[in-house]
Amino acid sequence: MKKQLLALALTALAATAANAQANDTLAKIKSTGSVTMGVRESSGVLSYTLGDGKYTGYHVEICQRVLGDIQKQLGLAKLDIKYQPVTSQNRIPLVQNGTVDIECGSTTNNQARQRDVAFAVTTFVEEVRIAVKANSGINSIKDLNGKNVATTTGTTSVQTLRKHERAGGVDFKEVYGKDHADSFLLLESGRADAFVMDGSLLAGLIARSKNPADFKIVGEVLSVEPIAIMFRKDDPAFKKAVDDSIVAMMKSGELAKIYDKWFMQPTPPSNVRMNMPMSEALKAAIASPNDRPMEAYAAK
């Protein structure tokens, strides 16, 4: 009996140690000399692909700088950054199971997700809007009655639309795209009458479309959402390292310069300009860094 109890105790200790190691991202990075960054293929200028395994964007650049600071902190001569494309559906599971160490896309920080993962301080504040064809005659939520509304599988945008105070009595059908580019194609091809998503993602997709003048962003702001870099939960040392790096960029003015580069200047590969000045909500988040969830914004 004693031997069985000892065996059980040793197994429990081993499991605890393994779990602690799994949640010690800094130790993992130091021992392997590598880190895996979760990136998106079509999340506007926040995170997107240039093809051939190359990824770029506002959040990708912020993460690259954060990882540069972590490399210095750990005293690594070299840090190999591996880029792992993720989708709205699999991004949280891939962070949870350790496939992705840091997710640098377009993820809303909300209370439900905070139960599963952790977020860095807010680096972008998004407004959910409606994109339509310019000649559609759709100008507000009420005009969506009887229409097909595109959304990307795994996102919260249409749920947000349904909960909006002006959506009462508005009956529309949801059609799903596997990613944001696919959802925009539903709108572009006429299979959807509207595409509900983060305003910056819509603006980026429109700017990069064949005929940007054919589309417009309309209607009420459906919600204000803090967007943040995501990583595993219960890893305070890694969160502190990420937050410290981002807050330093905020205080030095470097983050504002990165924002200007991606939202006000021409961006690769087509050198299209987004022309999206920084919102007052993001200015406030930079002035007072925080990781408050979306619900805290709604409560204002």
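Let's begin with a charge over a ring: Arg162 sits over the face of Phe172, 4.1 Å from the ring centre. The model is predicted, and the exercises below work through its rings and its cysteines.

**Exercise 1. Charges over rings**

Task: Find which arginine lies over the face of Tyr48, and at what distance from the ring centre.

Solution: Start from the ring of Tyr48 and look over its face. Arg208 is found there, at 4.9 Å from the ring centre. For a charge to count as sitting over a ring, CZ of Arg has to be within 6 Å of the ring centre and within 35 degrees of the ring normal. The 4.9 Å of Arg208 can be set beside the 4.1 Å given for Arg162 and Phe172.

**Exercise 2. An aromatic pair between helices**

Task: Classify the pair of Tyr58 and Phe263 as stacked, tilted or edge-to-face, and work out which helices hold the two residues.

Solution: A search of the whole structure gives ten aromatic pairs. In one of them, Tyr58 with Phe263, the ring centres are 5.4 Å apart and the planes make an angle of 75°. Planes over 60 degrees apart count as edge-to-face, and that is the class of this pair. Next, place the residues: Tyr58 belongs to helix α3 (residues 58-74) and Phe263 to helix α10 (residues 254-263), so the pair ties together parts 205 residues apart in sequence. Now check the surroundings. Tyr58 counts as buried because its relative accessibility is 0%, and Phe263 is buried at 0% as well. Finally, widen the view: Tyr58 and Phe263 form one aromatic cluster with Phe124 and Tyr259.

**Exercise 3. A pair of phenylalanines**

Task: Decide how the rings of Phe231 and Phe238 are arranged, and whether the residues are buried or exposed.

Solution: The ring centres of Phe231 and Phe238 lie 5.5 Å apart with the planes at 85°, so this pair is edge-to-face. For accessibility, the cut-off for buried is under 20%. Phe231 has 0% and counts as buried; Phe238 has 1% and is buried too.

**Exercise 4. The disulfide**

Task: Locate the disulfide, give its handedness and say what it links.

Solution: The whole structure holds one disulfide. Its partners are Cys63 and Cys104, with 2.0 Å between the sulfur atoms. The torsion about their S-S bond is about -95°, so the disulfide is left-handed. Cys63 is in helix α3, while Cys104 is in the loop between β6 (102-103) and α5 (111-114); the two are 41 residues apart, and the pair links distant parts of the chain. Both Cys63 and Cys104 are buried.

How values were computed: Residues numbered from 1 in each chain as written. Predicted model: local features only at pLDDT ≥ 70, side-chain atom pairs only at ≥ 80, totals over all residues. Heavy atoms only, no water. Phe/Tyr/Trp six-rings, centres within 6.5 Å; stacked < 30°, edge-to-face > 60°. Helix = DSSP H or I, 4+ residues; strand = E, 2+ residues; numbered from the N terminus. Buried < 20%, exposed > 50% of the residue type's maximum accessible area, 1.4 Å probe, protein only. Disulfide = S-S within 2.5 Å.
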